[in-house]
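Here are a few exercises to work through with the structure open beside you. Try each task before reading its solution.

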Amino acid sequence: SSKLAASGNYSQLAASGNSSKLAASGNSSKLAASGNSSQLAASGNSSQLAASGENSVIAAGAPNCTASGAIGTWISLAEFDVYGNCIGFATGKIGEGGLEPDVAYKANGGKLVKA
């Protein structure tokens, strides 16, 4: 049940315990959690999020973010137009709708697509 937060650019956070919570607001941050039911969130541009524990939750609300997860992980990534305006979110669950575990995804056309 670790709780980690960072606000600087290029931050790197990692947790291995179940139900960990990680958050980063700096650009190009990297977040990784290996415990089941972990929660990861990023608001910095080009952040990379990965959860290897089952039934985790990943959310990113900035341009050019990517996320990968284990079976049962929910991913929600914001999508932006060429002017930097948010135009929606792409959301899906790893193991459903063709989403594969341990594959990096990005938001494109309202869907999660391989990065």
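## Exercises with worked solutions

**Exercise 1.** Where does Asn64 lie, and is Asn64 buried or exposed?

*Solution.* Keep in mind that this is a predicted model. Start with the secondary structure: Asn64 sits in the loop that runs between β7 and β8 (66-69). Next, take the accessibility. The cut-off for exposed is over 50% relative accessible area. Asn64 has 62% relative accessibility, so Asn64 counts as exposed.

**Exercise 2.** Find the sign of phi at Asn55 and at Asn64, and compare with what is usual.

*Solution.* First, the general expectation: most residues other than glycine have a negative phi. Now look at the two residues. Asn55 is not a glycine, yet its phi is positive, about 60°. Asn64, also not a glycine, has a positive phi of about 60° too. Then place Asn55 in the chain: the loop between β6 (48-51) and β7 (57-60) holds this residue. Last, classify Asn55. Partly exposed covers the range between 20% and 50%, and Asn55 has 48% relative accessibility, so it counts as partly exposed.

**Exercise 3.** Describe the surroundings of Ser76, starting from its strand.

*Solution.* Step one: Ser76 belongs to strand β9, which spans residues 74-80. Step two: buried requires under 20% relative accessible area; Ser76 has 18%, so this serine counts as buried. Step three: list its contacts, leaving out residues up to four places away in sequence. Ser76 then touches Ile58, Ala59 and Ala60, as well as Phe89, Ala90 and Thr91. Step four: check a pair further along the chain. Ser76 and Tyr105 are separated by 29 residues in sequence, and their C-alpha atoms are 10.0 Å apart.

**Exercise 4.** How many helices and strands does the protein have, and how does its radius of gyration compare with that of a compact globule?

*Solution.* Begin with the count: there are zero helices and twelve strands. For the overall dimensions, a compact globule of 115 residues would have a radius of gyration near 13 Å, and the protein has 13 Å, so the two agree. The box around the C-alpha atoms, along the principal axes, is roughly 40 × 35 × 15 Å. Buried residues account for 38% of the 115 residues.

**Exercise 5.** What share of the exposed area comes from carbon and sulfur, and how are the charges arranged?

*Solution.* The protein exposes about 5800 Å², with carbon and sulfur atoms supplying 46% of it. For the charges, count 7 positive and 6 negative side chains; the centres of these two sets lie 6 Å apart.

Technical notes. Residues are numbered from 1 along each chain as its sequence is written. This is a predicted model: local features need pLDDT of at least 70, side-chain atom pairs count only at pLDDT 80 or more; totals for chains, interfaces and linings use all residues. Side-chain values use heavy atoms; hydrogens and water are left out. Helices (H or I, at least four residues) and strands (E, at least two) are DSSP runs, numbered from the N terminus. Buried means under 20% relative accessible area, exposed over 50%, partly exposed in between (1.4 Å probe, protein chains only). Contact means heavy atoms within 4.5 Å. The radius of gyration is taken over C-alpha atoms; the globule rule is 2.2 Å times the number of residues to the power 0.38. Accessible areas come from the Shrake-Rupley method with a 1.4 Å probe; for residues, only the protein chains shown count as cover. Lys and Arg count as positive and Asp and Glu as negative; His and the chain ends are not counted. The place of a charge is taken as NZ of Lys, CZ of Arg, CG of Asp or CD of Glu.
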